[in-house]
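These are my notebook entries on a single chain. I looked up strand pairing, burial, the nonpolar core and the contacts of aromatic side chains.

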Amino acid sequence: QVQLVESGGGLVQAGGSLRLSCTASRSISSINAMGWYRQAPGKQRELVAAMTSGGSTNYADSVKGRFTVSRDNAKNTVYLQMNSLKPEDTAVYYCNADLTAGWTMYRYWGQGTQVTVSS
């Protein structure tokens, strides 16, 4: 089991920055991948950015060059630095952790944090 707690969302003007944090209830060093998804009203949840335990990263095309995912294993925390925010980045952002145990993969979600970008 992994509990994930997000923080750092809020209201920001277009062009501004926010940093989201996601703290896990256990060590993240052995978690296969952690990352961020978002869901805007009326849309499906989509991948924003993810990082594997080996340090590989994956970004949605819409955020490449603006967002950066990072992890601090000592703090059991994953971050999403969001720069040059646009109104279309407005969504609820969810932290995600994928953990493999044997042949089974477990997926965990945080409760979500609202990010609103005003024009």
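Before the first entry I fixed one term: a residue is buried when its relative accessible area is under 20%. I also noted that the model is predicted.

**Entry 1: strand β8.** I began with β8, residues 77-82, and asked how many of its residues are buried. The count is 5 of 6, and I recorded the strand as mostly covered. I then looked up its partners. Strand β3, residues 18-24, pairs with β8 in the antiparallel sense over 6 bridges. Strand β7, residues 67-72, is likewise antiparallel to β8, with 6 bridges. Thr77 appears in both pairings: Thr23 has Thr77 as its bridge partner, and Asp72 stands opposite Thr77. Between β7 and β8 I found a hairpin with 4 residues between the strands, in which Asn76 takes a positive phi near 55°.

**Entry 2: the nonpolar core.** I next examined the largest nonpolar core, which has 32 residues. Those with the most contacts inside it are Leu4, Met34, Trp36, Leu80, Met82 and Tyr93. The elements giving two or more residues to this core are β3, β4 (33-39), β5 (46-52), β7, β8, β9 (91-101) and β11. Strand β9 supplies the largest share, 5 residues. I followed Leu4 further and listed its contacts, leaving out residues up to four places away in sequence. Among them are Cys22, Met34, Cys95, Tyr108 and Trp109.

**Entry 3: strand β11.** I asked which side chains of β11 are buried. Thr113, Val115 and Val117 point to one face and are buried, whereas Gln114, Thr116 and Ser118 point to the other face and are not. I noted the general rule beside this: in a regular strand, side chains alternate between the two faces of the sheet. For pairing, β2 (residues 10-13) runs parallel to β11 over 4 bridges, and Leu11 has Thr116 as its bridge partner there. Strand β9 is antiparallel to β11, and 3 bridges join them.

**Entry 4: Thr113.** I singled out Thr113, which lies in β11, residues 113-118. Its relative accessibility is 12%, so I entered Thr113 as buried, the limit being under 20%. Tyr93 stands opposite Thr113. I then asked what the side chain of Thr113 reaches. It reaches the backbone nitrogen of Gly9, at 3.3 Å. Beyond its neighbours within four places in sequence, Thr113 is in contact with Glu6, Gly9, Leu20, Ala91, Val92 and Tyr93.

**Entry 5: aromatic rings.** I searched for aromatic pairs and obtained a count of 1. The pair is Tyr37 with Trp109, and I classed it as edge-to-face because the planes stand at 75°, with the ring centres 5.0 Å apart. Tyr37 lies in β4 and Trp109 in β10 (residues 104-109), so the pair ties together parts 72 residues apart in sequence. I also checked the burial of both residues. Tyr37 counts as buried, at 15% relative accessibility, while Trp109 is partly exposed, at 33%.

**Entry 6: Arg45.** Last, I asked over which rings the charged end of Arg45 sits. One is the ring of Tyr94, at 3.7 Å from its centre. Another is the ring of Trp109, at 4.6 Å from its centre. Trp109 therefore enters my notes twice, here beneath Arg45 and in the edge-to-face pair with Tyr37.

Conventions: Residues numbered from 1 in each chain as written. Predicted model: local features only at pLDDT ≥ 70, side-chain atom pairs only at ≥ 80, totals over all residues. Heavy atoms only, no water. Buried < 20%, exposed > 50% of the residue type's maximum accessible area, 1.4 Å probe, protein only. Polar contact = N/O pair within 3.5 Å; in protein donor to acceptor, adjacent residues only side chain to side chain. Contact = heavy atoms within 4.5 Å. Pairing = 2+ DSSP bridges. Core = buried A, V, L, I, M, F, W, Y, C linked by side-chain atoms within 4.5 Å. Phe/Tyr/Trp six-rings, centres within 6.5 Å; stacked < 30°, edge-to-face > 60°. Lys NZ or Arg CZ within 6 Å of the ring centre and 35° of its normal.
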